[in-house]
Number of protein chains: 2
Amino acid sequence: MRHSIATVSLSGMLREKLQAAAAAHFDGVEIFENDLLQFPGTPAEVRRICEDLGLRIDMFQPFRDFDGTTPAQVARSLERAERKFDVMQELGTELILVCSNVQPDALGDVDQLAGQFHQLAEHAGRRGMRIAYEALAWGSKIKLWSQAWSVVERVNHPHMGLALDSFHTLSLRDDPSGIARLPGEKIFFVQLADAPWVNTDVLTHSRHYRCFPGQGEMEVTKFTAAVIESGYSGPLSLEIFNDEFRSAPARANAVDARRSLLWLEDQVRQSRAKDAPPCKAPLFAPPPAPVLTGWAFVEFAVDPAAGGRLAAWLKATGFHRIGHHRSKKVDLYGQGEVRIIVNLEEDSFARSHFEQHGTSACAVALATPDVAGALARAEALLCPRVNGRVGQNELTIPAVRAPDGSLLYFCEAPQGGRYAFEADFVMDESALHGGVLGDTARFDHLVQAVPAGQVEPWVLFHRAALGLAPERNVVMHDPYGVIRSREIESTDREVRVSITVSERDNTSVSRAVSSFRGAGVQQIAIAVTDLVATARALKASGALLLPVPANYYDDLLARYDIDAGLLAAMRELGILYDREADGGEFLHLYLTPFDDRFHFELVERRRGYAGYGAPNAPSRLAAMAQWRQAQQ
Amino acid sequence: MRHSIATVSLSGMLREKLQAAAAAHFDGVEIFENDLLQFPGTPAEVRRICEDLGLRIDMFQPFRDFDGTTPAQVARSLERAERKFDVMQELGTELILVCSNVQPDALGDVDQLAGQFHQLAEHAGRRGMRIAYEALAWGSKIKLWSQAWSVVERVNHPHMGLALDSFHTLSLRDDPSGIARLPGEKIFFVQLADAPWVNTDVLTHSRHYRCFPGQGEMEVTKFTAAVIESGYSGPLSLEIFNDEFRSAPARANAVDARRSLLWLEDQVRQSRAKDAPPCKAPLFAPPPAPVLTGWAFVEFAVDPAAGGRLAAWLKATGFHRIGHHRSKKVDLYGQGEVRIIVNLEEDSFARSHFEQHGTSACAVALATPDVAGALARAEALLCPRVNGRVGQNELTIPAVRAPDGSLLYFCEAPQGGRYAFEADFVMDESALHGGVLGDTARFDHLVQAVPAGQVEPWVLFHRAALGLAPERNVVMHDPYGVIRSREIESTDREVRVSITVSERDNTSVSRAVSSFRGAGVQQIAIAVTDLVATARALKASGALLLPVPANYYDDLLARYDIDAGLLAAMRELGILYDREADGGEFLHLYLTPFDDRFHFELVERRRGYAGYGAPNAPSRLAAMAQWRQAQQ
């Protein structure tokens, strides 16, 4: 289908917005009036810029509070409309969005409204313009799409139709399914927005929290499916009011915008009945989301000095070097199915990543039985493919670029504990087994620390390119500020990742982000089968387990019936504990971090515990801060 | 009265929190359990730290979900309470906060509750402990102070009393006045918090938006007055859950906390009937808030190079040098009642301000008929007085330090257009009159740009020290992000200031703040009597008026009936226009800024226009961005 975007959705001055929309291959734009008012040139110049960029101006918007209680008011509104038709004529667009009246004296009577809108449609017709009437969720009287439709139906004029906006319907939890039975040609325009569910009034919700489809929690697919069933074949457009987007780089955000529409079309296509008639405009059909069997490795970028420190830290954490690359300065560490790559190559992507971000994870890898399919899906969803070698000396595992510029590799799932990519390495078979984490060790989840405003792009990346689903939003208290995280998982929970963000400067997340201009992987959680035994072995080998205060365990004792032996062991080893209502138990501990940058967590899930130990976050974050202060 | 603070209100590890509370001269603290759990030492060590700091531990909190539907549940709760009594014994405190149950199976029957709480009171009594029972606004059954009181009254046990928290009562818009009729000795503890009114659920409101009394919008004075009338003589304590405070520097925030309680006591004292009986604990009685007649001057800190540029910029804006200091390198600019001081002295506060912040306003001055009284008030409200000379070569006008370290001077109001402080200057009488802004020019308002998290401290500073009142909260859209502002005014509107903040990096506010490590005055608005004439004269003199796009005026024409001549003049001169519902009109224009730092606005208020032209903010901010980009 054609894709459009309202200029209000993107940051910057009008020209920058239009350039960003064109660069992301949008077909058209809605010109938001404020953007035009601020443009230091004529509407005709805007038209020329759009023509040069290959953008159609699909609509001019918004026109507010049209209807009135007195003939003088209506006459004034019609006069105001004529002035806007003048502007539209110069802009070269013939569609205007008229939203329902929010004034205290707004009309609610359909006949009265239809009478006044018929006049407006007549005026529009004489100018070759068309009216798209939209029910604002906070309109004084007209709030629902069905009410707006009653007016449009009664007006019954070729220059008057409906504008639909998913947010206005979904935010009121109104049912969109009846839209499927509308005559598609009377739907003049469709705007799409998602949003998280936030406990606030609908106007505040709309003005600050909208986001692109797939980034929020609303049933945008269901809404859009109903629109498609009506026979609507116009553009799908995005109208997003979002405080973050107002400051987000317009180019990257416009790509996210397009990605969201492609994802949405794919979702709608999949949701359609097998015997549904073909759509008037065909829906986007990318390769299916890949089956993912888990995280395969994390690759660290270092230089020789940092490489020595990192190797020592990995060894203290129980990791041994199990291989070195046949031709490159790349070391492989591993236990069980967990692999850590340490990339020391000069003139490589890793080295330039190191130069920009310091010692950091420059790449992560996911295992899949269908590497080619996974790549094709990601590319179709606008993730740039990195072809084999970025620099001269790269691993040749195929990859795409993640939102922060790091790499996401796809590799084949391990067979008998061995990965296909290990063929590139000279392996030390003796080091491969008997590690302290055990032969069943595997990645449980990764935690990525991202700068403020970057959670939504990461959510959409994981959802659209990888088919993962965003789950819980969690608020955590670092001693020095609030940290928020969004947990993202595959349906079978084989792949889990948590995206964390902190608005203020002194938390562990913001230190990692600000010291290194973006952070990436901050926590690597590894699942083991017997955490107490593993922790004992680690401690015996001299690993630095993060100490947990005795008061924590006194409180555990007050809260839970816990086996005295287990409690004593947890107290001795710094193991944290959580229990879910259905009896699932979570034991986890943390190793001391590498700089302020990243650290390992070891976890043991009992009886299907589903979470990430969030109730222990304050204790863990305080223990980290305590440890850090003690080092200084 | 005694002042206490819950450790959750301050940022950092427990020891830092306690040190900050002691440094701000709090008498006591509430130990928030999570802070204790994270403390790497015993409760006895916490007790010793508090003793060393001169802090009493007034309460341990919270104990949640005590009551139960089965005898086994109650027995488990009593056992849990005994474990907490153990901790309290070590801490050396005898009061525990028990908040109302939020579980689905919480009890609502007063008799049943009283029976279970009687058991708890008995347990407490045997340990020498006391129970303070608090109704959480989101408790499953017990939500109101009056319900909690019913339980306490029924229990009728010397070891069971009430805990009151202003937020729980005021957030539900419940009436606190009945608290005045409670027996004061049965109120065991009082917590105070203010908050802005936010459209969200009460739990979210409480967890993220609480602030110190005077920083928000709730009737904390009315609540506290009722508490005082009951005869309560225990501590006034602050329990603040606030996302900003979790990352705010603990020391400065603790001073704000104390300031809020001093302000609140003063407010309560003033609100009491003249014939009211004396309070058990006397209420704080500082000097009254000063009468303020307006802003008097803004002082800029420069070095010689910047001084030359600033002088040229002031001249281009129509300002002439009207005097130079008798003994210092300080120049005075002025027109009407507006004064601008340019401080070039080496080895001065201004110079060190310049070295830290670049060319910036290092001080502002307020005019008052009672300089000594204004100073005494500010000092009593914990604003550090700056005695005469900060460095060697300062103006000797008395001042206090503002929240950002800049100075706030108090000086006498002008007589016949002349200020007393001008006696320090050799004045050029000829330059004093006939300036382009006219002899009636005066400061209309100032706009301060502050870093994220600093709005609340500034609001409290203005409210407590100066007696100003916080008014509207405004959201403005810069092309590169959201800007929020809080307008603060004297009752007679002679003094107006707006505090602005931007969370993200690219707005005009955040550029000013981040480039200069704090910004201070960003906009100086001057009221003139005939803006069109003034603008014409300025333009003729070569001043750079900020251009406004023609599209803005085409839209004005569509929206308002405006005199064609006025519209043409506004279009020619870049004058923006706003009209209030009651007919008040606002004409205003902007001059091009000095660097990204500060700029002048000229305003004309007609028929009592009360606002600041907020509807024009997007146009003004876009025009600024446009101008800035054109310079590059």
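These legends describe close-up views of a predicted model with chains A and B.

**View 1. A:T317 sits in a loop of chain A.**
The loop runs between helix α11 (304-316) and strand β10 (320-325). A:T317 has a relative accessibility of 4%. Buried means under 20%, so A:T317 counts as buried.

**View 2. The side chain of A:T317 reaches a backbone oxygen.**
That oxygen belongs to A:W313. The distance is 2.6 Å. Which residues does A:T317 touch, leaving aside those up to four places away in sequence? They are A:L538, A:L591 and A:F600.

**View 3. A turn of 180° lays chain B on chain A.**
The shift along the axis is 0.0 Å. The RMSD of the fit is 0.0 Å. This is the relation of a two-fold axis. The same surface serves both copies. Of the contact residues of chain B, 100% recur in chain A.

**View 4. B:T200 lies by the rotation axis, at 2.2 Å.**
This distance is taken at the C-alpha atom. No other residue of chain B comes closer to the axis.

**View 5. Chain B and chain A meet in an interface that buries about 4300 Å².**
Carbon and sulfur atoms account for 50% of this area. Three residues supply 15% of the area that chain B buries against chain A. They are B:L37, B:R504 and B:N551. No other three residues of chain B supply more. How many residues does each chain bring to the contact? Chain B gives 53 residues, and chain A gives 53 residues.

**View 6. A salt bridge joins B:R484 to A:D243.**
The closest N and O atoms of this pair are 2.9 Å apart. The count between chain B and chain A is eight salt bridges. Polar contacts also cross the interface, with 34 residue pairs found at pLDDT 80 or more for both partners.

**View 7. Helices and strands of chain B line up against chain A.**
Which elements give two or more residues to the side of chain B that touches chain A? The helices are α2 (33-37), α4 (71-91), α18 (550-559) and α20 (617-631). The strands are β19 (469-478) and β20 (481-489). The residues on this side of chain B are of three kinds. They divide into 19 nonpolar, 18 polar and 16 charged.

Key:
Residues are numbered from 1 along each chain as its sequence is written. Chains are lettered from A and ligands numbered from 1 in the order in which they are written. This is a predicted model: local features need pLDDT of at least 70, side-chain atom pairs count only at pLDDT 80 or more; totals for chains, interfaces and linings use all residues. Side-chain values use heavy atoms; hydrogens and water are left out. Helices (H or I, at least four residues) and strands (E, at least two) are DSSP runs, numbered from the N terminus. Buried means under 20% relative accessible area, exposed over 50%, partly exposed in between (1.4 Å probe, protein chains only). A polar contact is a pair of N or O atoms within 3.5 Å; within protein, one must be able to donate a hydrogen and the other to accept it, and residues adjacent in sequence count only if both atoms are side-chain atoms. Contact means heavy atoms within 4.5 Å. Copies are superposed by least squares on the C-alpha atoms of residues with pLDDT of at least 70 in both. Buried area is the accessible area (1.4 Å probe) that two parts lose on being put together, summed over both. A salt bridge is a side-chain nitrogen of Lys or Arg within 4 Å of a carboxyl oxygen of Asp or Glu. Ala, Val, Leu, Ile, Met, Phe, Trp, Tyr, Cys and Pro count as nonpolar, Asp, Glu, Lys and Arg as charged, and the others, Gly among them, as polar.
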